[in-house]
Amino acid sequence: YSITHVADLETAEASDVSFLSNSRYEKSMKSSRAGAFFVPPSYCMEEGKNYLIVDDPSLAFQKAVNHFFQGKNQVTGFNGIHPSAVVH
């Protein structure tokens, strides 16, 4: 497989990379179809999945996001600050 995108554990496909940094998502990890996963060295890896072992899976995933979206102008639909916006 070629990794061409990033996704969360639940929606990932074989061409996506995802990550696990919180053990409460291990069930989602086991059923995920991602092509590769960033995991910490302590993760108990199962056969049949591709792992990228890093000290900080969340940071590694963010770097992957930056790589795949670098130079792409993502339009969010937000422009400026809405007059009803409130910060508590």
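Strand 1 and strand 2 pair up in the parallel sense, with two bridges between them. That's a handy place to start in this predicted model, and one residue pair helps you find the spot: His5 has Asp16 in strand 2 as its bridge partner.

**Building the sheet**

Step across from there and you reach strand 3. Strand 2 and strand 3 run parallel and are joined by three bridges. Two residue pairs mark this seam: Val17 has Ala36 in strand 3 as its bridge partner, while Ser18 is partnered with Phe37 of strand 3. Moving on once more, strand 3 (residues 36-39) is joined to strand 4 by three bridges, and these two strands also run parallel. Here Phe37 turns up again, standing opposite Tyr51 in strand 4.

Put those pairings together and you have an open sheet of four strands, in the order 1-2-3-4, with parallel pairing. Which strands sit at the edges? Strand 1 (5-6) and strand 4 (51-53) do, and each of them pairs on one side only.

Here is a quick summary of the pairings:

| Strand pair | Direction | Bridges |
|---|---|---|
| Strand 1 and strand 2 | parallel | two bridges |
| Strand 2 and strand 3 | parallel | three bridges |
| Strand 3 and strand 4 | parallel | three bridges |

**A closer look at strand 3**

In a regular strand, side chains alternate between the two faces of the sheet. Strand 3 is a good one to look at with that in mind. Are its faces covered or open? Both are covered: Ala36 and Phe38 on one side are buried, and so are Phe37 and Val39 on the other.

**Helix 2 and what lies against it**

Now for the helix at residues 57-69. Helix 2 has 13 residues and spans 18 Å from its first C-alpha to its last, close to the 18 Å expected at 1.5 Å a residue. Which of its residues are buried? They are Pro57, Ala60, Phe61, Ala64, Val65 and Phe68. These six names aren't scattered around the helix: they cover an arc of only 145° around the axis, so they end up on the same side of helix 2. As for what covers them, the list includes strand 1, strand 2 (16-19) and strand 3.

Ala60 gives you a close-up of this. It's located in helix 2, and it counts as buried because its relative accessible area is 15%, below the 20% cut-off. Setting aside neighbours within four places in sequence, Ala60 is in contact with Phe38 and Val54. Phe38 is one of the buried residues of strand 3, which ties this contact back to the sheet. For a sense of distance, Ala60 and Lys30 lie 30 residues apart in sequence and 20 Å apart in space, C-alpha to C-alpha.

Asn66 is in helix 2 as well. Its relative accessible area is 44%, so Asn66 is partly exposed. From Asn66 to Arg33 is 33 residues in sequence and 22 Å in space, again C-alpha to C-alpha.

**A stop at helix 1**

The other helix, helix 1, covers residues 26-31, and Ser28 is found there. Is Ser28 buried or exposed? It counts as buried, because its relative accessibility is 18%. Not counting residues up to four places away in sequence, Ser28 touches Leu9 and Glu10.

**The chain as a whole**

Time to zoom out. In total there are two helices and four strands, and following the sequence you meet them in the pattern β-β-α-β-β-α. The radius of gyration is 16 Å, well over the 12 Å that the globule rule gives for 88 residues, so the chain is more spread out than a compact globule. Its C-alpha atoms fill a box of roughly 50 × 30 × 25 Å, taken along the principal axes.

How much of the chain is buried? Of its 88 residues, 31% count as buried. The chain exposes about 6700 Å², and carbon and sulfur atoms supply 53% of that area. Finally, take the contacts between residues at least 6 apart in sequence: 22% of these join residues at least 24 apart.

Conventions. Residues are numbered from 1 along each chain as its sequence is written. This is a predicted model: local features need pLDDT of at least 70, side-chain atom pairs count only at pLDDT 80 or more; totals for chains, interfaces and linings use all residues. Side-chain values use heavy atoms; hydrogens and water are left out. Two strands pair if DSSP finds at least two bridges between them. The expected span of a helix is 1.5 Å times one less than its number of residues. Buried means under 20% relative accessible area, exposed over 50%, partly exposed in between (1.4 Å probe, protein chains only). The arc is that of the directions from the helix axis to the C-beta atoms. Contact means heavy atoms within 4.5 Å. The radius of gyration is taken over C-alpha atoms; the globule rule is 2.2 Å times the number of residues to the power 0.38. Accessible areas come from the Shrake-Rupley method with a 1.4 Å probe; for residues, only the protein chains shown count as cover.
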